[in-house]
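Please open the model in your viewer and keep the selection tool at hand, since this tour moves from one selection to the next and says what is to be found at each stop.

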Amino acid sequence: MKASVLFGTLVAATGLGAGLSAAATLDEVKARDTLNCGVSTGLAGFAVRDTNENWSGFDVALCRAVAAAVLGDPSKVRYVPTTEQTRFPLLEKAEIDLLARNSAWTFAHDAGAGVDFAGVSYYDGQGFLVRKDLGVSSAKELEGMRICVQSGASTGVILADYFKINNMTYSRVAVDGADSEKPYLANACDVFTAGVSSLAAMRASFADPENHIILPEVISKEPLGPAVRQGDDEWGDIVRWTLNALIAAEEYGITSANLEEMSKGTQNPEINRLLGAEGDLGAMLRLDRGWAKRAIAAGGNYGEIFAATIGETTPIGLARGLNAQWTQGGLLYAPPFR
């Protein structure tokens with residue numbers, strides 16, 4: 001056998017073996033009858049647990065939707081708290097099946113961390129949190145100030161770039177873990193920088209949230225979304241289309257209140273395909289016809305989840321903004337179910 005043919009055969013065999021190994025996630029989750037879902041260690045509105053170890057929040061809702069789609073029960077989730085440093089290694093080592101944590105889809109994360117992003121669940125951007133009594137109203141007034149930055153996050157790079165571009169200086173104060181706000185509250189820094197959604201969640205947990213403001217500048221694009229291990233396209237498709245099902249449900253007017261009625265059939269073929277009343281899209285994912293209906297039933301459509309966990313009537317108080325449907329001036333857009 002020629003060397004080139006032998007080499008090609010070996011590469012093909014190696015690739016096939018790797019693909020078969022990586023593609024086991026769906027089977028492993030079904031055999032385990034539990035979804036291992038990585039979340040934050042605790043971020044108000046996104047992932048928090050009560051004294052009875054019950055988790056809730058925007059990111060938690062996606063974990064529940066995937067569990068409902070795959071296992072038929074949104075409660076079949078084991079939540080694994082992850083930090084900026086542990087989130088991707090835990091996913092790579094298969095200690096979690098899905099990372100549903102405030103993680104930005106960036107070049108380095110996608111190409112260098114051994115993970116694939118399955119979509120965008122929240123369009124965010126980096127901002128600045130300050131005390132009102134600091135007397136500033138713009139990030140351009142932060143010259144020479146002490147700024148708290150989470151270790152291991154890309155926020156440090158973005159911060160350095162912003163200050164360099166604007167010919168400003170600052171002192172960096174590195175913070176870690178779930179209690180990263182403590183140095184800020186203890187006046188060890190003047191400013192905290194992170195994604196605006198994280199800053200809003202952090203402020204909501206303060207005893208005096210009214211005394212802290214988020215400055216108007218958003219200095220980066222931070223598309224947050226769920227991540228899976230590289231090499232398992234099937235599992236990535238399941239997570240991606242579960243998220244898309246929640247987004248599409250809002251666009252099509254499918255809610256937790258009318259889900260049962262609409263699943264019987266409508267005049268819209270796209271809705272019928274989504275809810276399993278027509279065709280069998282689930283078969284392409286090795287799931288049944290009702291997978292998307294169960295995902296939506298777990299917590300409602302995207303808009304219902306947003307409103308209940310981080311929306312304007314919650315302590316987090318986030319407006320839809322870029323996270324509004326594309327038909328409402330936002331960026332939220334699900335590919336067609338056909």
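Begin by selecting R240, which is found in helix 9, residues 233-251; helices here are DSSP runs of H or I with at least four residues, strands are DSSP runs of E with at least two, and both are numbered from the N terminus. Before going further, note that this is a predicted model, in which local features need pLDDT of at least 70 and side-chain atom pairs count only at pLDDT 80 or more, while totals for chains, interfaces and linings use all residues. Residues are numbered from 1 along each chain as its sequence is written, and side-chain values use heavy atoms, with hydrogens and water left out.

At 27% relative accessibility, R240 counts as partly exposed, a class that lies between buried (under 20% relative accessible area) and exposed (over 50%), using a 1.4 Å probe and protein chains only. Now add F117 and A118 to the selection, because R240 touches both of them when residues up to four places away in sequence are not counted, and contact means heavy atoms within 4.5 Å. If you then select T106, you can see that its C-alpha atom and that of R240 are separated by 17 Å, although the two residues are 134 residues apart along the chain.

Next, select E270, which is found in helix 11, residues 269-275. Is E270 buried or exposed? At 11% relative accessibility, E270 counts as buried. Leaving out residues up to four places away in sequence, E270 touches Y252, P336, F337 and R338.

Now turn to the strands and select strand 8, residues 126-131, where six of the six residues are buried, so that this strand is largely enclosed by the rest of the structure. In a regular strand the side chains alternate between the two faces of the sheet. Colour Q126, F128 and V130 for one side of strand 8 and G127, L129 and R131 for the other, and you will have marked two covered faces on which all of these residues are buried.

Which strands pair with strand 8? Strand 11, residues 191-195, pairs with strand 8 in the antiparallel sense over five bridges, where two strands are said to pair if DSSP finds at least two bridges between them. Within this pairing, Q126 stands opposite G195. Strand 12, residues 212-214, also runs antiparallel to strand 8 and is joined to strand 8 by three bridges, with I214 as the bridge partner of L129.

Keep strand 11 selected and add strand 9, because these two strands pair in the parallel sense over two bridges, and V191 of strand 11 is the bridge partner of I147. Strand 9, residues 145-150, is also joined by six bridges to strand 10, residues 170-175, and these two strands run parallel. In strand 10, look for S171, the bridge partner of R146.

Finally, show the whole chain, whose secondary structure comes to 13 helices and 14 strands. Its radius of gyration is 22 Å, close to the 20 Å that the globule rule gives for 338 residues, so the chain is as compact as a globular protein of that length; the radius is taken over C-alpha atoms, and the rule is 2.2 Å times the number of residues to the power 0.38. Along the principal axes, the C-alpha atoms fill a box of roughly 65 × 60 × 40 Å. Of the 338 residues, 49% count as buried.
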